[in-house]
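I opened this notebook to keep track of what I looked up in one chain. The entries run from the whole chain to single ring pairs.

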Amino acid sequence: MFDLDGYDFSLKNVVTNINDYNKASSVLEKEGNHSFSNDGFPVDIYTSGLKNSYQKKILVIFSGAISKRENKSAPFFSGKNIAKTLDLPLIAISDPTLALSKSLSLSWYAGNEYFKNISVVINNLLKNIQNKYDAELLLVGGSGGGFAVLDQLSLFREPSKKVKALIWNPQTNILNYHLNYVQQYIFISFPSDIKAMRHVKDYRDLKLSDCKDILEKHKIRYDVSKFKIDDAINLLYLQNVSDDHVDKHTKPFIEGCNNLVNSNELIITNKTSNINVLLGSWGEGHAVPPMHLILSALDSISTSSSSNSAKRLIEAYPTYFFTDANSNKYNYRIRSRFVDVVLTVPINWKQNPFNNKNWVHHFMSLRWVIASNFEPQKLKVLLTDFYSYHVKRAINNPYYNNLRGDHTAAERMNGLCKLYSKYKDYHDLALSGIIVRLVKAEIGNLLSESMYREGTNHALMIDISLMNCFLSVEKLRYMLDLNYIVIRANETLLKIFYADGMTRENSISYQEYNYDIVNSFINKLEELTDYINSDILTEIISFADVVKIETKKILGYSLRDDGTYLELGDTFSDPKPGMLQDFQLDSPNFNSNVKELLHPYSSKSGYYVNNGLILYRDIKEKNIVHFGQTIMYGSNTHKQNDELSFCLSLNGDDVFIDPGYSTSVSYEQQEYMKSSFSHSTLNVLGSTWKTFDIGEDSNQVKNVSYTNDELSYTLVHKRIENFIISLDVVINPNSLSLSYSSINQTNIPNLKVNRFVLSADSKIIQLSDNKLIIKTKEKNVELIVLNGDNIKILVGNSIYTKFNSDLVSKESKVIDIFYYADILSVQINFNSQELL
């Protein structure tokens, strides 16, 4: 038997069984609260106006979460004022599960262990009422009530009468909602299952997997995102763009089985246009649409299709939505590699609709504003809103005046300086005035030590933007101590690079990127020579020349024959020729060919070994061997667990690869791509890699020798807990020899695995227990484990994704060698004759 601690038993009109739908629908003709029973479990429904519903529309309302529930008893009814305003008959259904406890505020009409098929029973009753009155049903609900509406719609298969629906900010998968709500629902609704779980003493002990198991055990319909909605049903789905539901609930619904695609502006619809998702902005987060918007939407959809209703709303409320027909209104479109976002003031400047920090950087840097070239009045409104939000109202935003937004703020300052230069003499002084006020606020932020990440390229970018401000906004020079800024920038510059000019950021791409920042720094200095101490200027320019020389070597030796970089460290495959234009001075016949820009290092045999980076190239008449390896540890910036990882290319074909740049992918992908298992390196199972704070001296390159086209060296690192790992490497035009050694400081035997990450185009053939052939387009590469006792070789696919600058992903293949010995020797022969 069940306890109904959250229920008010004072209601009358009790019907024995709600499953007697004919009798129940007759009872509901009388206005007021009605309490029915399903095997003793109460089902409460409020109705009004049903007697006059023949051939009319009936409003059916489902409630969302109940606020301050601890002081309230079920049942709960919503929609009375809406029905009265629209003069529509009303059926308001209370969620039966809420009767179980005052601690439960939301249960989605999904069911409980005593009444599992709530949604089916409700649907059968609604169909009976619809047929009785020959009426159109208009289902309405927001948030958790929106979930219930979607569930109901999926049960109206081939409806004989019209069914329409309006929902806003709905959950579409219970398990994707806030965990504490899910835990409370499961804990209270399924007590028998909870009692059987020894580890659960309180609802907070429930894991998400526990919740899923219980829902599936009882066949509860917890995910409506994939339910098909009949083409005869009209649905208007309103979603606030700053709500976290966009990612967790709306996108799964869009990607479900209803074939939704982008239509025009902010409408996402299907081929038959009966389902329309309309994105808008009417507040922050999970904000309920204003009542006048809800009433207008209901009035519209009750007399028209959801497609026409969506268009009407856009036309009627340009402050919430966008349409080309309202181009004279101030709507702001943010274009990016994601779906375009259109905003109207007031703007929620903390929004992150795609849960992606790169989008937030793009948004908060205001570079989209510069690119859009808004007309002056429209620009003034936008910048005034930005100023009001961040300066006047001082709303905390990490990407405005926090260390997290240092790069963003530097770009924003440069953009504001461009706008000031463009509009400083514009006849509307308010426009230049708001720009100046914003620049003044940015100066205060960028001079703050709390926003300055010393020793990083972001810090140098901040100082360059302040120098740019000094040049562009003369009236604010009184706020800027230029020599202080330049000295601070120089100190940061010397921490970004080693004394020999190589970046400390553990990346080929960041050698290129930071070199470009150095050039920007020098260009600004040359414009400010009259204001800067000459000794400091000479010192900086001299070091910049050192960086240039080293950059050309590193990038040149890293460049493949096809014009891409070996992806060692956090590296993009594709060079950025615009960042290398300074090298045209070394190439009289300049063009955008990166190989020519980086000549002679891009096309010569030889090697480069410095600060943990090893590069080797050998060019013979018909044979090109290109190899790179890393044990770089110059700083924590862009660091990965990639010690000993390497890339190998033969005649332009990749054999062994590295994952490359990671920060443009999801957090989960980032974490994997930084991990040792995405690299060709040695792992000790059961031992963790140390965090990036153990000091640069943990990694060493020793015994470097280059003779007769053969390079040999030893790598040593202490990044794995309780182990010292070393690798002896010998590479020549014909082979690569790798001898791994591990010193175990615990004397406890450990299983080790050497992973080798291969190109997706490679084909692997295992010839014996210790020998494989890796087939490329032109080569058969032989991999032999020389000390082959007690080893196990497994071949498979890597789960990580490799990204180039265009974010094109490629799956890779892996060879894993498992062994217990302290030494593993692997010979890789480039010109095997086997299988030819």
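The entries below begin with conventions and then turn to the chain, its cores, its rings and two elements.

**Conventions.** I am working with a predicted model, in which local features need pLDDT of at least 70 and side-chain atom pairs count only at pLDDT 80 or more, while totals for chains, interfaces and linings use all residues. Residues are numbered from 1 along each chain as its sequence is written, and side-chain values use heavy atoms, with hydrogens and water left out.

**Whole chain.** I looked up the extent first: along the principal axes, the C-alpha atoms fill a box of roughly 100 × 80 × 45 Å. The secondary structure comes to 22 helices and 29 strands, taken as DSSP runs numbered from the N terminus (H or I with at least four residues for helices, E with at least two for strands). Of the 836 residues, 58% are buried, where buried means under 20% relative accessible area, exposed over 50% and partly exposed in between, with a 1.4 Å probe and protein chains only. The exposed area is about 34400 Å², of which carbon and sulfur atoms supply 47%; the areas come from the Shrake-Rupley method with a 1.4 Å probe, and for residues only the protein chains shown count as cover. I also checked contacts (heavy atoms within 4.5 Å): among those between residues at least 6 apart in sequence, 66% join residues at least 24 apart.

**Cores.** Which residues touch the most other members of the largest nonpolar core? They are W349 and W368, in a core of 96 residues, a core being a set of buried Ala, Val, Leu, Ile, Met, Phe, Trp, Tyr and Cys residues joined through side-chain atoms within 4.5 Å. Apart from this core lies another, of 78 residues, including L50, I93, Y177 and V182. Beyond four places in sequence, the contacts of W349 include W368, F363, F386, D385 and H390.

**Rings.** I searched the whole structure and noted 31 aromatic pairs, counting rings of Phe, Tyr and Trp (its six-membered ring) with centres within 6.5 Å, and calling planes under 30 degrees apart stacked, over 60 edge-to-face and the rest tilted. F470 and Y531 have ring centres 5.1 Å apart and planes at 75°, so I entered the pair as edge-to-face. The pair links distant parts of the chain, 61 residues apart, with F470 in helix α17 and Y531 in the loop between α19 and α20. F470 counts as buried at 6% relative accessibility, whereas Y531, at 39%, is partly exposed. F646 and F756 also pair edge-to-face, 6.2 Å centre to centre with 65° between the planes. F646 lies in strand β16 and F756 in strand β23, so this pair ties together parts 110 residues apart in sequence; both residues are buried. W349 and W368 appear again in a cluster linked by ring pairs, with F363 and F386 also among its members.

**Strand β23.** Is this strand enclosed or open? Seven of the seven residues of β23 (residues 752–758) are buried, so the strand is largely enclosed by the rest of the structure. K752, N754, F756 and L758 point one way, while V753, R755 and V757 point the other way. Strand β18 (residues 682–684) pairs with β23 in the antiparallel sense over three bridges, where pairing requires at least two DSSP bridges, and L682 stands opposite N754.

**Helix α3.** I noted that α3 (residues 118–133) has 16 residues and reaches 23 Å from its first C-alpha to its last, close to the 22 Å expected, the expected span being 1.5 Å times one less than the number of residues. Its buried residues include I118, N123, L126 and Y133, and just after α3, D134 takes a positive phi of about 50°.
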